[in-house]
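Grab a pencil and have the viewer open. Here are some exercises, each with a worked solution that goes step by step.

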Amino acid sequence: MGLSADRASGAFFLLLGLVLYFLVIPSYVERVEGGNLSPDTMPNLISIVIAVSGAFLMLKPTGHRTQRPHVFAITGAYVAVLAGGIYAMSLFGFEYVAPPLALAIMWMIGERRPAWLAAGVIVMPALIWFLVTYALGRALP
């Protein structure tokens, strides 16, 4: 069992998930009374998924080869669009930024079917807004 990029990144994500679960989430998520879900439910679940996925990647690395440099540039463009969208949400709010951000990401990945674009631009932001606002009782930016 030699060291490979998959094993190294798997170890990183295993440790990240454990640090999130045991240190970060308990320190930074406040307990509140009321609501259907505890505020730490989703972050804890996601940190467990990250840790388990990292462990699986360490135990059974893939046979994939390293991608060409232009693929990394495309990934950087996705990250830049997402970072800009998150910043724009802090300025203008979720309701105004989420639909154009979803459209931009879907367009960048090559989605052109009108029904899927409508679902991603209209249905998903509305569903996220509804779930966060009403089911979790939290305000979106």
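**Exercise 1: the α3 helix**

What covers the buried residues of α3? α4 (94–108) is included in that cover, going by contact, meaning heavy atoms within 4.5 Å. Before going on, note that this is a predicted model, where local features need pLDDT of at least 70, side-chain atom pairs count only at pLDDT 80 or more, and totals for chains, interfaces and linings use all residues. Residues are numbered from 1 along each chain as its sequence is written, and side-chain values use heavy atoms, with hydrogens and water left out.

Now work through the rest of α3: check its span, list its buried residues and see what follows it.

- Step 1. Helices are DSSP runs (H or I, at least four residues), numbered from the N terminus. Helix α3 takes in residues 69–92, 24 residues in total.
- Step 2. The expected span is 1.5 Å times one less than the number of residues. For α3 that gives 34 Å, and the reach from first C-alpha to last is 34 Å, so the two are close.
- Step 3. Buried means under 20% relative accessible area, exposed over 50%, and partly exposed in between (1.4 Å probe, protein chains only). In α3, Gly85, Ala88 and Met89 are the buried ones.
- Step 4. Just after α3, look at Gly93: its phi is positive, about 100°.

**Exercise 2: one face of α2**

Work out where the buried residues of α2 point and what they pack against.

- Step 1. Start with length: α2 (residues 41–59) has 19 residues, which should span 27 Å at 1.5 Å a residue, and its end C-alpha atoms are indeed 27 Å apart.
- Step 2. Pick out the buried residues of α2: Asn44, Ser47, Ala51 and Gly54.
- Step 3. Look down the axis of α2. The buried residues fall within an arc of 95°, so they line one face of the helix; the arc is that of the directions from the helix axis to the C-beta atoms.
- Step 4. Those buried residues of α2 pack against α1 (5–28).
- Step 5. Val52 is also in α2, but it is partly exposed at 40% relative accessible area. The C-alpha atoms of Val52 and Leu14 are 6.6 Å apart, with their positions 38 residues apart along the chain.

**Exercise 3: ring pairs**

How many aromatic pairs are there, and why do Phe12 and Phe13 count as edge-to-face?

- Step 1. Apply the rule: rings of Phe, Tyr and Trp (its six-membered ring) pair if their centres lie within 6.5 Å; planes under 30 degrees apart are stacked, over 60 edge-to-face, and the rest tilted. That yields four aromatic pairs.
- Step 2. The ring centres of Phe12 and Phe13 are 5.0 Å apart and the planes sit at 80°, so this pair is edge-to-face. Phe12 is partly exposed at 49%, and Phe13 is partly exposed at 37%.
- Step 3. Trp129 and Tyr134 have ring centres 5.6 Å apart and planes at 85°, so they are edge-to-face too. Trp129 is partly exposed at 31%, whereas Tyr134 is exposed at 56%.
- Step 4. Follow the ring pairs onward, and Trp129, Phe130 and Tyr134 link up into a cluster.
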